[in-house]
Amino acid sequence: MMLFGHILFGTMALIGAFLLEVGFHKDFQELNLIQRLGIIFTIVGMFATVAMGIYLAGNVLSAAFVAVIGILLVGFLVVPSKAKN
């Protein structure tokens, strides 16, 4: 039962981190430094936790995949978007 709860809540947190990234993508550069760092640390922390858990479970390839996805999402968030006005 504890394993199921861990998977469920971890998945919810990972989805939340992903939604933070998607929701703030256009306005990310307008946030102050503290707000930007908070979002970046949340996303990196969630993806790193999931990747570490998968790695410790013995699946190195899946852990690397999750880590790369997390890195790409943070890169996508940090690089300014070219919004058309």
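**A tour of a three-helix model**

From the N terminus on, the elements run α-α-α. This is a predicted model. Its secondary structure comes to three helices and zero strands.

Start with the whole chain. The C-alpha atoms fill a box of roughly 50 × 25 × 20 Å along the principal axes. Of the 85 residues, 20% count as buried. Now show contacts between residues at least 6 apart in sequence: 61% of these join residues at least 24 apart. Turn on the surface. About 6400 Å² is exposed, and carbon and sulfur atoms supply 76% of that area.

Next, select residues 60-78, helix α3. How far apart are its end C-alpha atoms? They are 27 Å apart. At 1.5 Å a residue, the 19 residues should span 27 Å, so the model agrees with the expected span.

Stay on α3 and pick out Ala63, Val66, Gly70, Leu73, Val74 and Leu77, the buried residues of this helix. Look down the axis. These buried residues fall within an arc of 95°, so they line one face of α3.

Turn to the face of α3 directed away from the buried side. Exposed residues sit there: Leu61, Phe65, Ile71 and Leu72.

Now move to helix α1, residues 2-24, and select Phe4. Is Phe4 buried or exposed? Its relative accessible area is 54%, so Phe4 is exposed, the cut-off being over 50%.

Finally, add Met1, Leu8, Phe9 and Met12 to the selection. Together with Phe4, these residues make a nonpolar surface patch of about 640 Å².

Key: Residues numbered from 1 in each chain as written. Predicted model: local features only at pLDDT ≥ 70, side-chain atom pairs only at ≥ 80, totals over all residues. Heavy atoms only, no water. Helix = DSSP H or I, 4+ residues; strand = E, 2+ residues; numbered from the N terminus. Expected span 1.5 Å × (residues − 1). Buried < 20%, exposed > 50% of the residue type's maximum accessible area, 1.4 Å probe, protein only. Arc of directions from axis to C-beta. Patch = residues over 30% accessible without salt bridge, like charges linked within 9 Å, V, L, I, M, F, W, Y side chains within 5 Å. Areas by Shrake-Rupley, 256 points an atom, 1.4 Å probe, with all protein chains shown as cover. Salt bridge = Lys/Arg side-chain N within 4 Å of Asp/Glu carboxyl O. Contact = heavy atoms within 4.5 Å.
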